[in-house]
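Trainee: Could we go through the metal site and the ligand pocket of this model together, step by step?

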Amino acid sequence: MAISGRKSGDDAGVSPPGGSGLVLRPGYLDGVAQAALLEELRAALGEAPLFTPTMPRTGKPFSVRMTNLGPLGWVSDRDGGYRYQATHPETGRPWPAMPDVLLRAWGEIGGYGAPPEACLVNWYAPAARMGLHQDRDEQDFDAPVVSLSLGDTALFRLGGLKRSDPTRSFRLASGDAMALAQESRLAFHGVDRILPGTSALLAKGGRINLTLRRVTRP
Ligand code: MD3
Ligand code: FE
């Protein structure tokens, strides 16, 4: 069975206090499904290798390496800034297709009528992190963002609509899924650190996060 846990008809998940529009599905993928998805990702990475994005204007490299799946991919570099584009910044080729398990997760957890257009693959080495930011490079903020985690557990931080709003932290473990819609869609968020040795899925440790998004308005 690909997906563990709830039967159809169960509620969408558990919401931590204060998080309107935030849905957490701990253990959404069981160990077998995690390993199968990892194999699909390894094949995709052969077609669309990880690249190191750089910050707009400064050119400072991200500590997270990235690639994308689907019709559009998120990229960033010094001169072009944050953007979505249909091709890999280094190979110039289209992004690989999204695996079915991701399309299924989008429907089951996000519950949005139109399909996702972008799956950003974030690859965290054990020391990588992601500073507090908003996701606002999409045209459609009505669509949710759906995230799946693989590998070592992340200490994730979620705030409010202003950078200075209070934040709360929780752990995202291998196989966990999360959806952010409505108020939480434009909330500040980041990854403070990866907790080493918390999963055996990746032999060298580290973490992969897959983020499914709608970019254009359907
Ligand atoms: C909360 N990635 O790629 S995924 C990103 O774990 C990103 O790699 C993090 O933030 C990661 O932009 C977090 C969960 C997530 C994705 C989108 C969000 C949380 C979000 C949008 C709004 C609020
Ligand atoms: Fe983000």
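Mentor: Let us fix one term before we start: a residue is near a molecule if one of its heavy atoms lies within 4 Å of it. This is a predicted model, in which local features need pLDDT of at least 70 and side-chain atom pairs count only at pLDDT 80 or more, while totals for chains, interfaces and linings use all residues. Residues are numbered from 1 along each chain as its sequence is written, ligands are numbered from 1 in the order in which they are written, and side-chain values use heavy atoms, with hydrogens and water left out.

Trainee: Which residues come nearest to ligand 1?

Mentor: There are 21 residues around ligand 1. Those that come nearest are Asn 122, Tyr 124, His 189, Arg 207 and Arg 213.

Trainee: Which residues coordinate the iron ion (ligand 2)?

Mentor: Donors are N, O and S atoms within 2.8 Å of the metal (3.2 Å for Na, K and Ca), and water is not among the atoms, so sites may look incomplete. Along the chain the donors follow the spacing H-x1-D-x53-H. At 2.0 to 2.2 Å, the iron ion is coordinated by His 133 (NE2), Asp 135 (OD) and His 189 (NE2).

Trainee: How far is a polar side-chain atom of Tyr 124 from an oxygen atom of ligand 1?

Mentor: For His 133, a polar side-chain atom lies 3.2 Å from an oxygen atom of ligand 1. For Tyr 124, the corresponding value is 2.6 Å.

Trainee: Which element gives the most residues to the shell around ligand 1?

Mentor: Strands here are DSSP runs (E, at least two residues), numbered from the N terminus. Among the elements that give two or more residues are β5 (118-124) and β11 (189-194). The one that gives the most, with four residues, is β12.

Definitions and conventions. Polar contact = N/O pair within 3.5 Å; in protein donor to acceptor, adjacent residues only side chain to side chain.
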